[in-house]
Amino acid sequence: MGITDVLLRVREQTTTEQVPVDTLITALESRGFGPLLLAPALLALLPTGAIPGVPSVCGILIFLIAIQGSLGRRSPWVPRRLRELSIHRQNLIRAIDRAQPVTRRIDRLFSHRLSLLTHPWANSLIFLACAVSGLTMIPLELIPFAAAAPALAISLAAIGISTRDGLVIIGAGLAAAGALYLLVTNWPF
């Protein structure tokens, strides 16, 4: 099931005029971790990651999100106040309709390859690797642009989790290994 299918399922399952955010989080299941990990990872990967403190804050945020997935949560924890917010159904339908061209392209680009790497047991390991990678961003911040290496690994992992693409997960693993190598070879222990 691609991202477009998930959005269409959400659209079909919402019948009330106000759709609670909790309903959307539940419908996305573990795929909801992907965008939550991707946002701070991209912030650290892009030139904003050169601003002092940004990689550390992003790394801590990534750790807090990823550790939930590694502990087996089916969906990310969101504060109760945010879960209780609701979206008008017509606004949700318009947003889903506008997103469909993009999600269809994403579904074509990323497919269910190497599905063994996207099973729940593998997701726990991937989330743990993301949590560790997030923490490596803190000391790597001292080396200019070095925090971009784990940020790239986390970005790839987030995309792989969201699209259920094991090949992208392998790319994330290779990037994480590179980030770990960078940390070990450049940090005085």
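Is Arg113 buried, exposed or partly exposed? Arg113 is partly exposed, with a relative accessible area of 31%. The model is a predicted one, and this briefing covers its salt bridges, nonpolar cores, aromatic pair and cysteines. The structure holds four salt bridges, one aromatic pair and zero disulfides.

**Salt bridges**

- Arg113 is joined by a salt bridge to Asp165, with an N to O distance of 2.5 Å.
- This pair connects distant parts of the chain, since Arg113 belongs to the loop between α6 and α7 and Asp165 to the loop between α8 and α9, 52 residues apart.
- The two partners are set in contrasting surroundings: Arg113 is partly exposed, whereas Asp165 is buried, at a relative accessible area of 0%.
- Another salt bridge is formed by Asp97 and Arg11, whose closest N and O atoms are 2.6 Å apart.
- Because Asp97 lies in helix α6 (residues 89-109) and Arg11 in helix α1 (residues 3-13), this bridge ties together parts that are 86 residues apart in sequence.
- Asp97 is partly exposed at 35% relative accessibility, and Arg11 is also partly exposed, at 28%.
- Glu84 and Arg80 form a salt bridge as well, with 3.7 Å between the closest N and O atoms.
- Glu84 and Arg80 both lie in helix α5 (residues 80-84), four residues apart, so about one helical turn separates them.
- Glu84 is exposed, with a relative accessibility of 55%, and Arg80 is exposed at 60%.

**Nonpolar cores**

- The largest nonpolar core comprises 22 residues.
- Those with the most contacts inside this core are Leu37, Ile62, Ile126, Cys130, Met137, Ile154 and Ile161.
- Two or more residues of the core come from each of the elements α3, α4 (54-70), α7, α8 (148-163) and α9 (166-186).
- Apart from neighbours within four places in sequence, Ile62 is in contact with Leu37, Pro40, Ala41, Cys130, Gly134, Met137 and Ile154.
- A second core, separate from the largest one, has eight residues, among them Leu7, Val10, Ala27 and Leu92.

**Aromatic pair**

- A search of the whole structure finds one aromatic pair, which is formed by Phe33 and Phe127.
- The ring centres of Phe33 and Phe127 are 4.8 Å apart, and the planes make an angle of 55°, which gives a tilted arrangement.
- The pair links distant parts of the chain, with Phe33 in helix α3 (residues 33-45) and Phe127 in helix α7 (residues 120-140), 94 residues apart.
- Both rings belong to buried residues: Phe33 has a relative accessible area of 0%, and Phe127 has one of 2%.

**Cysteines**

- Zero disulfides are present in the structure.
- The closest cysteine sulfur to that of Cys58 is in Cys130, at 14 Å; this is too far for a bond, because a disulfide requires the sulfur atoms to be within 2.5 Å.
- The sulfur of Cys130, in turn, has that of Cys58 as its closest cysteine sulfur, again at 14 Å and too far for a bond.
- Cys58 is buried at 3% relative accessibility, and Cys130 is buried with a relative accessible area of 3%.
- Cys130 is also one of the residues with the most contacts inside the largest nonpolar core, and Ile62 is in contact with Cys130.

Definitions and conventions:
Residues are numbered from 1 along each chain as its sequence is written. This is a predicted model: local features need pLDDT of at least 70, side-chain atom pairs count only at pLDDT 80 or more; totals for chains, interfaces and linings use all residues. Side-chain values use heavy atoms; hydrogens and water are left out. Rings of Phe, Tyr and Trp (its six-membered ring) pair if their centres lie within 6.5 Å; planes under 30 degrees apart count as stacked, over 60 as edge-to-face and the rest as tilted. Buried means under 20% relative accessible area, exposed over 50%, partly exposed in between (1.4 Å probe, protein chains only). A nonpolar core is a set of buried Ala, Val, Leu, Ile, Met, Phe, Trp, Tyr and Cys residues joined through side-chain atoms within 4.5 Å. Contact means heavy atoms within 4.5 Å. A salt bridge is a side-chain nitrogen of Lys or Arg within 4 Å of a carboxyl oxygen of Asp or Glu.
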